[in-house]
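Visitor: Could you walk me through this protein model? I'm new to reading structures.

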Amino acid sequence: LLGLQQLAETTYRRMDELAPATQDDIKTKIADIGNVQLSSELSLPEKEILTKIALDDTLATRETVEDIYKHFKAKPYGWNEWATGKCLVSLFAKGKIRLIKESTDITMRELLDALTNNRMRPLILVTPEPDYSAQQIRHLKDIALKYFNKSIEESEPKKVVVEFKSM
């Protein structure tokens, strides 16, 4: 038994980075998004997932939710799919990733289904959300004020862009 435990520990060296989770944990995480102030800090597992997504994006590899689940379930991670899904929810809520189905962004309402439905996972693309500098956001707000005579009060880049597009 000790030998088996040592084998598991050496094979899945990074398993302890992420606590096991259930489908209910994903539901709870999604429900908490509107009610809880999210920290902008990323946990180690979130950084790992975001790094994988960003790397694949730079290599022009299209990653799906299913690909992410499989990658982090394998060696050296050994994370269960619900724990990985919980991290994806957190990254989505923090505006770090986009989930896209049929060229359309997934909404918060569709998020639970996208991460828990086995049939949908291969159809949902995961891409990093582009990083915008404070200067770029300021410039966009100035354009809105100058050309549309409307002020954008938002400070989060994604919300600024959405508000600008709605003008």
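**Sheet and cores**

Visitor: In what order do the strands of the open sheet lie?
Guide: Keep in mind that this is a predicted model. The open sheet has 4 strands, and their pairing is antiparallel. Reading across, the order is β1-β4-β2-β3.

Visitor: Which strands stand at the edges?
Guide: Look for strands with a single partner, so that one side is left without a neighbour in the sheet. The ones that fit are β1 (63–64) and β3 (104–105).

Visitor: Which residue in β4 does T64 stand opposite?
Guide: β1 and β4 run antiparallel and are joined by 2 bridges. Across from T64 in β4 you'll find L125.

Visitor: What angle does α3 make with β4?
Guide: α3 packs on the sheet, where it touches β1, β2 and β4. Comparing its direction with that of β4 gives about 95°.

Visitor: Which element gives the most to the largest nonpolar core?
Guide: Nonpolar side chains tend to be buried together in soluble globular proteins. Here the largest nonpolar core has 30 residues, and I49, V65, L88, I97, L99 and L115 have the most contacts inside it. Elements giving two or more residues to this core include α2 (23–32), α3 (44–58) and β2 (97–101). The top contributor, with 7 residues, is α5.

Visitor: How many residues are in the second, separate core?
Guide: First, a last look at I97: leaving out residues up to four places away in sequence, it touches L50, L88 and V126, among others. The second core is separate, and L140, A144, I152 and V160 are among its members. Its residue count is 5.

Notes: Residues are numbered from 1 along each chain as its sequence is written. This is a predicted model: local features need pLDDT of at least 70, side-chain atom pairs count only at pLDDT 80 or more; totals for chains, interfaces and linings use all residues. Side-chain values use heavy atoms; hydrogens and water are left out. A nonpolar core is a set of buried Ala, Val, Leu, Ile, Met, Phe, Trp, Tyr and Cys residues joined through side-chain atoms within 4.5 Å. Buried means under 20% relative accessible area, exposed over 50%, partly exposed in between (1.4 Å probe, protein chains only). Contact means heavy atoms within 4.5 Å. Two strands pair if DSSP finds at least two bridges between them. Axes are lines fitted to C-alpha atoms, for helices over the stretch in contact, and angles run from 0 to 180 degrees between N-to-C directions.
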